[in-house]
Amino acid sequence: MDGVKLLKAIIETAIDGILTIDNRGVVESLNPAALKLFGYSAEEVIGRNISMLMPEPDKSGHDGYLLRYQSTGERRIIGKGREVRGLRKDGTTFPFRLAVSEVHYDHRTIYTGFIHDLSKEKEAEQRLKEYAAELENLVDERTRSLKELVLALSVAKEEVSTSLEKEKELNQMKSRFVSMASHEFRTPLSSIQLSSVLIEKYASPYDNENIRKHVGKIKNAVGNLTTILNDFLSLERLEAGNVEPSFQTFDLVKLAEEITEEMQMIAKEEQNIIYQHTGLNSMVSLDQNLLKNCMINLISNAIKYSGEHTFIEFNTEITDESCIVTINDNGIGIPELDQKELFQPFFRANNTGNIPGTGLGLNIVLRYATLMKGTVGFTSTLDKGTKFTLSFNK
């Protein structure tokens, strides 16, 4: 097969559309893919102006563009791959990426257009946007439902606190709430979280900022709801007396390093968690799960109440007498008037603003530490930061 036949075969079998026009905009040739895209036969297009394949305003402006380019050399399309719309024979339009080359051939100039149909990509992108919006609405609905349940529980607690019989009714209501919350919220939240991860994965080739933004909002909302749910479930177990510490010997440094890696993944932009251990020994005898919960809760607060481009110091120390864990941030701090109430359930400092939270985390940390015969202390300066210390005697 000679070179001309080979080139013709390549053009005829190309997936993308290819067409040529002369310097007056008259179509000279189209390959089968281009004819299929626009819905014409070759006889209907060849010899006619290329503007017949364009919707407005490109249809009216095309000849002017050619004249301007030929007189001034100003390029708007030549050599570029830009997104435009085409007009089919049936009057419908479709998006495609157009690249145009100027070719000098047989003592004259022709222009070759390469057409890559974007219809399927745009449809997929629109479906992803719609799916992300649906998930965002679902998260909003679950958030409203949870807030209504929490409000209802608070009202019920006030109403039944006047007698032992009503207190029993409240306990039954709380038990039903815990059972309902586990079933009604954990499974859908996991599904929403998985779906948001899949959307982010499938949408990555399109590099769409709107999709990334909505997926990020979904992940944040799911994370906030999960934290709220975990706090209420932990409080219920503590109130019911169902939390008993299980002391065992484990490697504190290994646990702290795992927590550091895990929490770094949810830290804000350029927010770094710096872990350091002091002491030759790394083995302690405590309840590993309760201690992990305490450390994660305190580091989460440090992340939440500190800004971007900041450091969070996470230190452990083992001496002959005690085990000490400290988390130090340089965030918004705690107002002095609020510090005495800090460990009360549902209490939040008045400078937290719109930062999400239940006001239960520190109360749970204190109660877990107390179960392990430990103490919780803190120092804080407004707008400079807060340092929490967990201490356990050997």
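Contact here means heavy atoms within 4.5 Å of each other. With that in hand, let's walk through this predicted model, beginning at one serine and working outwards.

Ser119 sits in helix α5. Setting aside neighbours within four places in sequence, Ser119 is in contact with Arg88, Phe94 and Pro95. Is Ser119 buried or exposed? Its relative accessibility is 13%, and because buried means under 20% relative accessible area, Ser119 counts as buried.

One of those contacts, Phe94, takes us to the aromatic residues. The structure has six aromatic pairs. Among them is the pair of Phe38 and Phe94, which is edge-to-face, with 5.4 Å from centre to centre and 65 degrees between the planes. This pair links distant parts of the chain: Phe38 belongs to helix α2 (residues 32-38), Phe94 belongs to strand β4 (residues 93-105), and 56 residues separate them. Both Phe38 and Phe94 are buried. Which residues do ring pairs link into a cluster? They are Phe38, Phe94 and Phe96.

From rings we can turn to charges. Side chains of opposite charge can pair when their charged atoms come close. How many salt bridges does a search of the whole structure find? The search finds five, and three of them are worth a visit here.

Start with Glu28 and Arg108, whose side chains meet in a salt bridge with 2.8 Å from N to O. Here too, distant parts of the chain are linked: Glu28 is in strand β2 (residues 27-30) and Arg108 is in strand β5 (residues 108-117), 80 residues apart. Glu28 has 28% relative accessibility and counts as partly exposed. Arg108 is also partly exposed, its relative accessible area being 34%.

Next, go back to helix α5, where Ser119 sits. The side chains of Lys122 and Glu83 meet in a salt bridge, at 3.1 Å from N to O. Lys122 is in helix α5 (residues 119-160), while Glu83 is in strand β3 (residues 81-87), so this pair links distant parts of the chain, 39 residues apart. Lys122 counts as partly exposed at 32% relative accessibility, and Glu83 counts as partly exposed at 48%.

Helix α5 also holds both partners of another salt bridge, Lys129 and Glu125, which are four residues apart, about one turn of the helix. Their closest N and O atoms are 3.8 Å apart, and a salt bridge is counted within 4 Å. How do the two partners stand in terms of burial, buried or partly exposed? Lys129 counts as partly exposed at 31% relative accessibility, whereas Glu125 is buried, with a relative accessible area of 14%.

Now move along the chain to helix α6, which covers residues 164-203 and includes Tyr202. Which residues form a nonpolar patch on the surface with Tyr202? They are Leu194 and Leu198, and together the three residues have about 300 Å² of accessible area. Leu198 lies in helix α6 as well. At 33% relative accessibility, Leu198 counts as partly exposed, and a patch residue needs over 30% relative accessible area. Leu198 can also be located against a residue further along: its C-alpha atom and that of Val215 are separated by 9.8 Å, with the two residues 17 apart along the chain.

Further on comes strand β10 (residues 322-329), where Thr326 is found. Thr326 is buried, with a relative accessible area of 11%. Which residues does Thr326 touch, not counting residues up to four places away in sequence? The answer is Glu313, Phe314 and Asn315, along with Lys387, Phe388 and Thr389.

A last stop is the cysteines. How many disulfides does the structure hold? The number is zero. Among its cysteines, Cys294 counts as buried at 0% relative accessibility, and Cys323 is buried too, with a relative accessible area of 3%. For a disulfide to be counted, two cysteine sulfur atoms would have to lie within 2.5 Å.

Key. Residues are numbered from 1 along each chain as its sequence is written. This is a predicted model: local features need pLDDT of at least 70, side-chain atom pairs count only at pLDDT 80 or more; totals for chains, interfaces and linings use all residues. Side-chain values use heavy atoms; hydrogens and water are left out. Patches are made of residues with over 30% relative accessible area and no salt bridge: like charges are joined within 9 Å, nonpolar side chains (Val, Leu, Ile, Met, Phe, Trp, Tyr) within 5 Å. Accessible areas come from the Shrake-Rupley method with a 1.4 Å probe; for residues, only the protein chains shown count as cover. Helices (H or I, at least four residues) and strands (E, at least two) are DSSP runs, numbered from the N terminus. Buried means under 20% relative accessible area, exposed over 50%, partly exposed in between (1.4 Å probe, protein chains only). Rings of Phe, Tyr and Trp (its six-membered ring) pair if their centres lie within 6.5 Å; planes under 30 degrees apart count as stacked, over 60 as edge-to-face and the rest as tilted.
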